[in-house]
Amino acid sequence: MVSIEGGGGQNQQKLNMYAAGCAIVASMISIIFGYDTGVMSGAMIFIKDELKIHDTEVEILAGILNICALFGSLLAGRTSDYIGRRYTIFAASIIFMLGSVLMGYAPNYGVLMTGRCIAGIGVGFALMIAPVYSAEVSSPSYRGFLTCLPELGISIGVLLGYISNVAFGGLSLKLGWRIMLGIAAIPSLALAFGILKMPESPRWLVMQGRLGEAKKILRRVSNSEEEAETRLRDIKEVAGIDVNCNDDFVKPDPLKKTHGEGVWKELIIRPTPAVRWILIAAVGIHFFEHAVGIEAVILYSPRIFKKAGIVGKEKLLRASVGVGLTKFVFVFISTFLVDRVGRRRLLLVSTAGIIAALAVLGTCLTIVEHHHGGQLVWALSLCIISTYTFVAFFNIGLAPVTWVYSSEIFPLKLRAQGYSIGVAVNRLMNATISMSFISLYEAITIGGAFFLFAGIAVLAWFFFYFLFPETKGRSLEDIEELFSKGISGRAEAVKSDM
């Protein structure tokens, strides 16, 4: 199979603005999810005061969204294979809007939890479908950049959530946190209508035999007629359709499953060696993304800064805004690096920086916790700096590469549901950290918790080093070959990329 990188000329190196517009609209759902994550960090302070809930209920409130997102992501994989990528984003927007309305209304803890659960299902849909849609409309030259946009959207949303905490924190206790949570319903509704103006994924259309529609869309998301034809030919070959067929519609072979039937068997029960390694890589990177403890910082940064010595709600919320700003800046930078530097290099540098930052943060928090005199200004400063450094290194590599890499490595037929397994693991680990961090640091100290995360990050670095070949510049249809060579073959590919 011929990668389109080799034959499209200089024109293919240009960013196609229509494809970029499609990816930006799809990524709007990620902004809404990021907002909900960021705003909950500060809203929990006010919710705890009004509803008089204890720490265990706070942990459950923080983590239940991700438990529900786990099921939402698994459901979204099959849904997107059946109704298409575009309508799955529409469904995610409506579900999240309903959850936001309930959270904004919530007269008690039970209703708040119900709204959070419904929003969680919408989050699961969003996290699964936005990167897949972006990857499938993109050309190899800019696929990394466009597939990074959902992660950039999350960082923008987190920052807006932190700003919302400060903006609405001065309102009455009863009104402030409800506005923080309920206002997300407005952009959700707007996105639901906006996504209907976007085209369907051409790769999904080919799987349904709708070649004429796919060809028209590929012409719009490609920079030349030649590129569009090459991409269509590669997709048809992978889909098992004659590459010389020029019909607008081909009736799908009844023996071939085009709506996701039988995919779980090929992924889990009887995978080929290549698919097995792809699944291990996808599950592994999603596991480690949250196992290194980023959610502890995003959700509980006010508690961490309080432990470091910062006092007062306003100061704690302002310090948390710095976390959101750092996240946004470095994800923004990474979108321009992922297609130039490559996925693998960013991943390894990012993880190494995470290890160092977590070690410093754990050391400083341990010193502060065992110091019984006045405030240690140097230790407090180092805690803040190392927290921001952790967030910076995480978002320059591990955060965006997780979504880019896992959305592009699965074969076409297995992509949506295979990717949904990775997202489910991602949400499970997110929920595990969200719902256990307070209990964890009470058991082994807050410094000990970050030392534990640093140890996990060391394991992650070796996992990435030995199992992850570079995918930069390769067509989606070519990537499976990288994983068909076994560990020794991938090691050779790694050497050739260095």
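Me: Before we look at arginine 86, when does a charge sit over a ring?
Reply: A charge sits over a ring if NZ of Lys or CZ of Arg is within 6 Å of the ring centre and also within 35 degrees of the ring normal. In this predicted model, the charged end of arginine 86 sits over the ring of tyrosine 87, at 4.9 Å from the ring's centre.

Me: And what does arginine 344 lie over?
Reply: Arginine 344 lies over the face of tyrosine 465, and its distance from the ring centre is 5.0 Å.

Me: Which residue does tyrosine 465 form an aromatic pair with?
Reply: Tyrosine 465 pairs with phenylalanine 466 in an edge-to-face arrangement, with 5.1 Å centre to centre and 85° between the planes.

Me: Why does tyrosine 465 count as partly exposed?
Reply: Tyrosine 465 counts as partly exposed because its relative accessibility is 31%, and the partly exposed class lies between the 20% limit for buried and the 50% limit for exposed. Phenylalanine 466 also counts as partly exposed, because its relative accessibility is 49%.

Me: OK, how many aromatic pairs does the structure hold?
Reply: The structure holds 19 aromatic pairs. One of them joins phenylalanine 463 to phenylalanine 464, edge-to-face, with 6.0 Å centre to centre and 70° between the planes.

Me: Are phenylalanine 463 and phenylalanine 464 buried or exposed?
Reply: Both phenylalanine 463 and phenylalanine 464 are buried. They also belong to a cluster linked by ring pairs, which includes Phe287, Phe288, Tyr405 and Phe468 as well.

Me: Switching to the core, which residues have the most contacts inside the largest nonpolar one?
Reply: Phe437, Phe450 and Phe464 have the most contacts inside the largest nonpolar core, which has 142 residues. Helix 1, spanning residues 17-51, gives the most to this core, with 15 residues.

Me: What does phenylalanine 450 touch?
Reply: Leaving aside residues up to four places away in sequence, phenylalanine 450 touches Val297, Ile304, Leu358, Leu361, Gly362, Leu365 and Phe437.

Me: Zooming out, how many helices and strands does the chain have?
Reply: The chain has 19 helices and zero strands. Of its 498 residues, 59% count as buried.

Me: How much of the contact count comes from residues 24 or more positions apart?
Reply: Among contacts in the chain with a separation of 6 or more, residues 24 or more positions apart account for 84%.

Me: Last one, what area does the chain expose, and what do carbon and sulfur atoms supply?
Reply: The chain exposes about 18600 Å², and carbon and sulfur atoms supply 67% of that area.

Key. Residues are numbered from 1 along each chain as its sequence is written. This is a predicted model: local features need pLDDT of at least 70, side-chain atom pairs count only at pLDDT 80 or more; totals for chains, interfaces and linings use all residues. Side-chain values use heavy atoms; hydrogens and water are left out. Rings of Phe, Tyr and Trp (its six-membered ring) pair if their centres lie within 6.5 Å; planes under 30 degrees apart count as stacked, over 60 as edge-to-face and the rest as tilted. Buried means under 20% relative accessible area, exposed over 50%, partly exposed in between (1.4 Å probe, protein chains only). A nonpolar core is a set of buried Ala, Val, Leu, Ile, Met, Phe, Trp, Tyr and Cys residues joined through side-chain atoms within 4.5 Å. Helices (H or I, at least four residues) and strands (E, at least two) are DSSP runs, numbered from the N terminus. Contact means heavy atoms within 4.5 Å. Accessible areas come from the Shrake-Rupley method with a 1.4 Å probe; for residues, only the protein chains shown count as cover.
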